[in-house]
Amino acid sequence: MRKLNVGQKLNEGKTKQIFELPDQPGLVLVQSMDQITAGNAVRKDQMEGKAAIANRTTSSVFKLLQESGIKTAFVKQHSDTAFVAARCEMIPIEWVCRRVATGSFLKRNPGVKEGYRFSPLKMEMFFKDDANNDPQWSEEQLLAAKFSLAGLAIGQCEVDVMNRSTVAIFEILEKSWATQSCTLVDMKIEFGVNVTTQEIVLADVIDNDSWRLWPAGDRSQQKDKQVYRDLKEVTPEAMQVVKRNFEWVSERVKLLLERQASGRVVVLMGSTSDLAHCEKIRKACTSYGIPCILRVTSAHKGPDETLRIKAEYEGDSVSTVFVAVAGRSNGLGPVMSGNTAYPVINCPPLTPDWGAQDVWSSLRMPSGLGCSTILSPEAAAQFAAQIFGLTDHLVWSRLRASMLNTWVSLKLADQKLQACSL
C-alpha cells in the first residue's frame, strides 16, 4: 500500500470522512468509520470492524459498476478502511429506487400491501436535510432549487440523466444479486459533479447501509441495516448479529465480480480476405468481456474441415455462439446451422457490386435452419452478447450500461445543439 499524503478534512458524515490529497489534485480519500446509525443518527452505535466491512463492500460494488461501464467517482481501494475517489461536489439528493414495497413507502402510501412488486421500478427522491428528516421532493422541486455545482447547473437534462442512471444501476445490481439468490428490494444512491470533468457521476458510497437485501426474497432473512433499525434494544449480542450480517454481505459482494457462466464467440471466415471484418467482431466481443476466436474454413471447399472445427468447439461444454463470415455464396452459416444446436449468426461482408444478390444466400434458408443474419460486425457481436447475457450477469451488465451511455450521449448532444441554436 503506497503511503498517501493526506491533507485537511473536507467533510464528515455519519459513517465516513473525506480528506483532500494535496499531491493528487482532483482526488480525495474516503475514510469509513466504525459508526452505525439509524433514523438520521437518532440511534447510533460503534460497531468494531464496520469501517473495513463497509469499505470492502463499497469497493466491490463500485468495481462491478465501473467494469460494466457506469461512470463513478471511485478510483481504487487504498486500505482496509479507505478508498480514493474523484473529488465531487455532491448533489444533495438521495435517489431511491424500489422493486418491492416495504418500509417508509408503506407508511406514506397506506393501503399498499408489503411485497407489492414495482414493474417498472418505483423512483423517489429525498432532499438531504437531517433537521427536517430528509423530506421527499418532486422533480419540480429539484428543478426549482436551481442547484449549481462545480460549475454545472442542474436542469432538466441533468435530472433526467440521474433518473435514468439510477434505474440502470439498480438493475445491474439486482441482476448481480440474483446470482446469489438474493432479492435487491430497494436502494438509495447519490450523485456528484466531478470537479475536474464537470460530469455527473455516481458518488458517495454503496454499502450495506444503502439497500435492503432479502435472501430468497424472504424478509425474515434480511441481511441489511434494517436489522439494526428494528432492534428494540441494542445489546452486545444483538450487535454481533448485525455485524455477522454485514460480513455476510461483504463476502457475497465479492462473488458478484465473478463470472457465473463461461462462453465464447467463434468466428468462422471463408477467407483471410475477410479478416478486417472479423477483427471488428472480435473487438466488439472484447468490449463485452467475451472471448472471441477467429478461424478460417470454407464449407464449399472443405466441408469436412468445417464440421471438424465445429466438433472441436462442441466437445468441451463451453457455451459457444458461431459467427459465419462468408461473402459471395454463403454456405458456411447454413451448413453450420444445420449441423449444430449452438446459435449461428451470419455476418456476410457484402461488397457494393454484388452485395444485393449475395445477401440472399444468408437470408433465405432451407427449412430446419435457424441462423440469423446481421450485416454490421459490431451488431453481430452485440447479438451474441445478448445471448450470453441471459446466463452471464457480467455480460448483461455491460449491455445495460451501454444502453444507458448511448441514451445519455444522445441527451447531452441534444442539449449542446439546443444551446448552440439559441
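**Exercise 1.** Work out what span helix 1 (residues 50-68) should have at 1.5 Å a residue, and compare it with the separation of its end C-alpha atoms.

*Solution.* Helices here are DSSP runs of H or I with at least four residues, strands are runs of E with at least two, and both are numbered from the N terminus. The expected span is 1.5 Å times one less than the number of residues, so the 19 residues of helix 1 should cover 27 Å. The end C-alpha atoms of helix 1 are 27 Å apart, which agrees with that expectation. After the helix comes Gly69, whose phi is positive, near 120°.

The structure is a predicted model, in which local features need pLDDT of at least 70 and side-chain atom pairs count only at pLDDT 80 or more, while totals for chains, interfaces and linings use all residues. Residues are numbered from 1 along each chain as its sequence is written, and side-chain values use heavy atoms, with hydrogens and water left out.

**Exercise 2.** Decide whether helix 1 is largely enclosed or open, using the number of its residues that are buried.

*Solution.* A residue is buried under 20% relative accessible area, exposed over 50%, and partly exposed in between, with a 1.4 Å probe and protein chains only. Of the 19 residues of helix 1, 15 are buried, so this helix is largely enclosed by the rest of the structure. For the chain of 422 residues, the buried share is 49%.

**Exercise 3.** Describe the surroundings of Asp274, and establish which side chain of opposite charge is nearest.

*Solution.* Asp274 sits in the loop between strand 17 (263-269) and helix 7 (275-287). Leaving aside residues up to four places away in sequence, Asp274 touches Met269, Val325, Gly327 and Pro349, where contact means heavy atoms within 4.5 Å. Lys and Arg count as positive and Asp and Glu as negative, with His and the chain ends not counted; a salt bridge requires a side-chain nitrogen of Lys or Arg within 4 Å of a carboxyl oxygen of Asp or Glu. Asp274 is buried yet has no salt bridge, and the nearest side chain of opposite charge, Arg328, is 8.5 Å away.

**Exercise 4.** Locate Ala216, give its phi, and classify it as buried or exposed.

*Solution.* Ala216 belongs to the loop between strand 16 (211-215) and helix 5 (226-229). Its phi is near 60°, a positive value in a residue other than glycine. The relative accessibility of Ala216 is 61%, so this residue counts as exposed.
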